[in-house]
Amino acid sequence: MLSIYKASAGSGKTYTLTHEYIRLLLAHSNDERAHNHILAVTFTKKATAEMKQRILALLNNAPEGSPERQALIRILQDYTHFAVSTIDGFFQM
């Protein structure tokens, strides 16, 4: 499935992408490697860093033992496959 979000600066793209990433992650919570199958692409390195930080913070704020916390643990144990990238970075892979 491919979803594309287009919006102007300051309209909440990073917020929307962060919540969509978590929604997809939790929809496949029975897959221990669900984060390996999700790619989030943004325009800037700043947005990439902000999005990763927001995803990790939201997952970290979930209660112990929740699906969100389990997803956080799996991401941290396999951080190299936590794919949030710039468009340039994605095409250079």
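Student: In this predicted model, why is the lining of the largest cavity divided into three nonpolar, three polar and three charged residues?

Tutor: The residues lining this cavity include Asp31, Glu32 and Arg74. Asp, Glu and Arg count as charged, so these are the three charged residues. Leu25, Ala34 and Ala71 also line the cavity, and they are the three nonpolar ones because Leu and Ala count as nonpolar. His28, Ser29 and His35 belong to the lining as well; these are the three polar residues, because their types are in neither of the other lists.

Student: What makes this space a cavity, and how many cavities are counted?

Tutor: It is called a cavity because a 1.4 Å probe fits inside but cannot get out. The count takes cavities of 30 Å³ or more and comes to one. The largest cavity, with a volume of about 40 Å³, meets that limit.

Student: Why is the other space called a pocket, and what is the volume of the largest pocket?

Tutor: It is called a pocket because its set of points is open. The largest pocket holds about 950 Å³ of space.

Student: Which residues and elements line the largest pocket?

Tutor: Its lining has 32 residues, with Ser3, Leu17, Leu39, Ala40 and Val41 nearest the centre. Helix α1 gives the largest share, six residues, while β1 and α2 each supply at least two. By kind, the lining comprises 18 nonpolar, nine polar and five charged residues.

Student: What makes Ala71 and Arg74 of α3 buried residues?

Tutor: Both are called buried because their relative accessible area is under 20%. The buried residues of α3 pack against α1 and α2.

Notes
Residues numbered from 1 in each chain as written. Predicted model: local features only at pLDDT ≥ 70, side-chain atom pairs only at ≥ 80, totals over all residues. Heavy atoms only, no water. 1 Å grid on protein atoms, 1.4 Å probe; cavity = no way out; pocket = protein on both sides within 12 Å on 5 of 7 lines; lining within 4 Å. Points joined across faces, edges and corners; volume = space filled by probe spheres on them. Helix = DSSP H or I, 4+ residues; strand = E, 2+ residues; numbered from the N terminus. Buried < 20%, exposed > 50% of the residue type's maximum accessible area, 1.4 Å probe, protein only. Contact = heavy atoms within 4.5 Å.
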